[in-house]
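Please study the exercises below with the model at hand. Each task is followed by a solution in steps.

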Amino acid sequence: MNHQEGYADDVVKGFLTWSIIWGVVAVLLGVVISLQLAWPQLNLPPYLTYGRLRPIHTNAGIFGWGIGSFMALFFYITQRLTRTRLWSPGLARFQLWLFNVVIALAAITLMLGMNRSKEYAELEWPVALLVVVLWVIFSINIIMTVIKRKEEQLYISLWYILAALVGVAILYLVNNVGIPVSLTKSYSAYAGANDANVQWWYGHNAVAMVLTAPPLAIFYYFLPKSTGVPIYSHRMGVIAFWSLIFMYLWTGAHHLLWTPVPDWVQTLAMAFSIMLIAPSWGAVFNGYFSMNGQWHQMRDNYLVKFLIFGITFYGLQTLQGPSQAVRTFSAFIHYTDWVPGHVHMGTLGWVSLVLFAAIYYVVPRLYGREIYSVGLANLHFWLAVTGQLIFSITMWIAGVQQAVMLHATNPDGSLHYSFMETLIELYPYWHGRAAGGIIYFVSLLIFVYNIVKTTTSGKQIQVSS
Amino acid sequence: MIEKRPVILLLLATAVIMVGTVVTMIAPFRWINDPKLRIAEVKPYTPLQLEGRDIYIREGCNNCHTQTVRPLLADVERYGEYSKAGEFVFDQPFLWGSRRTGPDLARIGGKYPDAWHYRHTADPQSMVPRSNMPKYAFLERPLDTSLTERKMKALGFPYAPADIEAVKGKSELDALVAYMQKLGSDIPWRKEARAAVAGELKNPFQDDKTVLAEGKEIYGRDCAQCHGAGLEGGIGPSLADIDQPDAELFKSVYAGIPAGGMPAFGETLGKDRVWKVVTFIKYQKRH
C-alpha cells in the first residue's frame, strides 16, 4: 500500500480537499454571473457586480480548482513515477497553506476592485508576488524529487509536468511586470499594442501550460492505470510533446486578429494555430488507440468514461480553436458568446472531466476505502456532460446568431440592426446557459458528496499484497 | 537519452518554449509603438481622465466592453474609424477586451453629451430599457485623489499642479465621464467621417402614414432616451414643436450635430429609416 511505500500523501489529500472547495466556489460564481447577465438587477454594487465577480470566477476556476488539483496530482504522480518520497513534505505543507492564502487574497482583493485588468493576470502585485513564491517552491519540490529519483526512466507525464513548471514561470513573470503606485495599485510596464501582444502571448499559453500540459500529464498517467493496459505509443507521445510546446508559443496573437498588432504577428499566430491540430490530435489518438480491445470498459469502468469523454472534448476543442484562429472566421465570431462556449468545452469538458477521473482514482487509494457509490459517479458524469453541452451549444448558437445580426446590412449599405437589437435576442440563450451551469453545479455537488462519503464511510479495502 | 536526464530535458524544453516567444512576443517590441507610427494628436491622459480610466479598470468594465474597432465594414459603420496602434501608446494597461457583451467603446468620446453618460452610467435601463448593464449610481461618491499625482508620475504623463488641484472635489462619475469623452477622440475622425449628405433631399415618405409605425419604433429605440418618449425633451431639446423642413431634420439625424452633442445615425440607420423617423417626428407636430 501507499503508506508502506513511504510516499508523502497527506499533502495530496490537503490539496485535493481545497481544490474541490475552490472548484465549487468557481462554478457557483459562474452560475451567479450567468444569472447577472440575464437579469441585471442581480448585480449588487459595488462589490457584487459582474465586472468584479467575473475575474474571481476565472481565477477560482483556473488557479483554485485547476492548479490546486494539479499540485495535488503532480505530487501523487511524481512520487509514484520516480518511486521516490517527495523531496520535502514540509515545504509542500507550507505550499498548501500559502496556496489557500493566495486564493483567498485573490478573491478578496478582486472583490474590492484591486484589479490589473489583464485577463487571468488580474492580481495586484503583492498577491502576484505570492503566486511567484508559491510556484517556485512547488517547482523546486517536484524537480528535486525527480532529480533524486529511484526510477531511471522518465515517463511522458513527467515531461509534461516539467515543461509546465518552466512554462508557467516564464509566462507569469513576463506578463506581470508592472509599475507599482501603491500597495494596491500598479500599471502594466507595457503600453497599448505591446501590452496586448504580451498579454495574449501569456493568455493563450496559460491555456497551453495550465489547461493542456498538466491535464495531459494526468491523462497519460491515469488512463493506463484505469484500463490496466499501457499507453499505445510512448514515441507518439514524445513527438506530440515537443511539437506541442514548440508551436503553442507562436499562437497568442490569434486573440488579436484585426487589431492594430502587426499583421505578420497575426498571420504567424494563425498558421501555427492550424499546425497545432497535429500534436493535439497526437494525444487524442494515443488515448483512443490505447483503448484497442478495451472499449468495453467504457461501459464497465466509470473512470474510463470520464477520461475518454475528456480527451474527446480535448480533440473537439483543438479543432474548434484553430478554426477560430482563422481571420475570416474570427471576424465573424470573435467578441461574441461563441468564445465562452468554446472556453467552457475546454474547462468543463476536457480539464474537469480528466480531473474528476483522477480524483475518483486517487481518493479510494489514499484513504484505503472503496468508492462510496459508482451509481452516483455515473450520475455525476451524465449531469456534468449534459450541463456542459447545454452551456456550450447554446453559446455557439447565440454567437453565430449575434454575428449574423451584427454583420447584416441593408441594400443601401447601412447596418440592419442596432447593437441593442442584437443583444435582446441573446436573453433566451443566456437563460439556457444558466440552466446548463446549474446542472453542472448539481453534478459537482453529487461529486463532492460521493467523495466525502468515500473518505468517511466507504468500504475498507482489504490489504492483500 | 533525454528520458533519463531531467535537467537536460528542462533546459531543452525552455529553449523550445523560447523560440516562439522571441519571434512573436519579444521581437515585435521593435516595431509596435515605433516612433514612426506615433500620431501627433494623441495626447496622454489628464489627471481626471486617468482617474476615470482607473475606475473603468476597478469596475471591470473591460469584461463587457472592448476598445478596438476592427477594419471590418460592420465594425466601422457601427463604431467609427478603425483603431490605429498609435492611439494606444499611453494605455498601460491596454483595455481592448475580449467580449462585446456591450458595445465597443474605442470611439465613444464625443458621441454623446456628458449628460447622457451621467444618466446612462447611473441607471442604464432608464435610457435603454432592455440593457443588461449594472447600475453604477454609487460612482457619484467623491473621488479619492490621494494617489493622483503619484499615478501621473509613475506613467510619466505631463501635468501642471493646477491639474492635480482641479481633480479634488470631483466625483468618481465625473472622472469616468471625462475618460469616456477622451476615448478615441484625439484623432479628428468624427469630423472627417461626418457623412456628407449629397443630392436632392426630398422625403420619399411624405404623408405616407404606413411608415409611421416603424418611425415610432425607431424613435423609441434611438431618440427617446434624450428627446423623451413623448418628444418633450430631456437631455436633448424638445421636438414637439420642431419647425424645420424635412430636409434639415434629415441632415441633423443623418449626420449629427457634433457641437450640440447629437450623434449621427446615418451609418447605422441608413437613409430610408432616417426618413421614416423624420416622417414620424413631423407627423407628431401636425397632429
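**Exercise 1.** Determine whether Leu231(B) is buried or exposed, and describe its backbone.

*Solution.* Step 1: the relative accessible area of Leu231(B) is 4%. Step 2: buried means under 20% relative accessible area, exposed over 50%, and partly exposed in between (1.4 Å probe, protein chains only); Leu231(B) is therefore buried. Step 3: phi of Leu231(B) is near 65°, a positive value in a residue other than glycine. Step 4: Leu231(B) lies in the loop between helix 9 (212–227) and helix 10 (246–255) of chain B; helices (H or I, at least four residues) are DSSP runs, numbered from the N terminus.

The model is predicted: local features need pLDDT of at least 70, side-chain atom pairs count only at pLDDT 80 or more, and totals for chains, interfaces and linings use all residues. Residues are numbered from 1 along each chain as its sequence is written, chains are lettered from A in the order in which they are written, and side-chain values use heavy atoms, leaving out hydrogens and water.

**Exercise 2.** State where Tyr120(A) is found.

*Solution.* Step 1: the loop between helix 4 (89–111) and helix 5 (125–147) of chain A holds Tyr120(A). Step 2: Tyr120(A), which is not glycine, has a positive phi near 65°. Step 3: with a relative accessible area of 17%, Tyr120(A) is buried.

**Exercise 3.** Identify which bond between Gln92(B) and Pro93(B) is cis, and locate Pro93(B).

*Solution.* Step 1: the peptide bond joining Gln92(B) and Pro93(B) is cis, with omega about 0°. Step 2: Pro93(B) belongs to the loop between helix 3 (73–79) and helix 4 (114–122) of chain B.

Terms used
Helix = DSSP H or I, 4+ residues; strand = E, 2+ residues; numbered from the N terminus.
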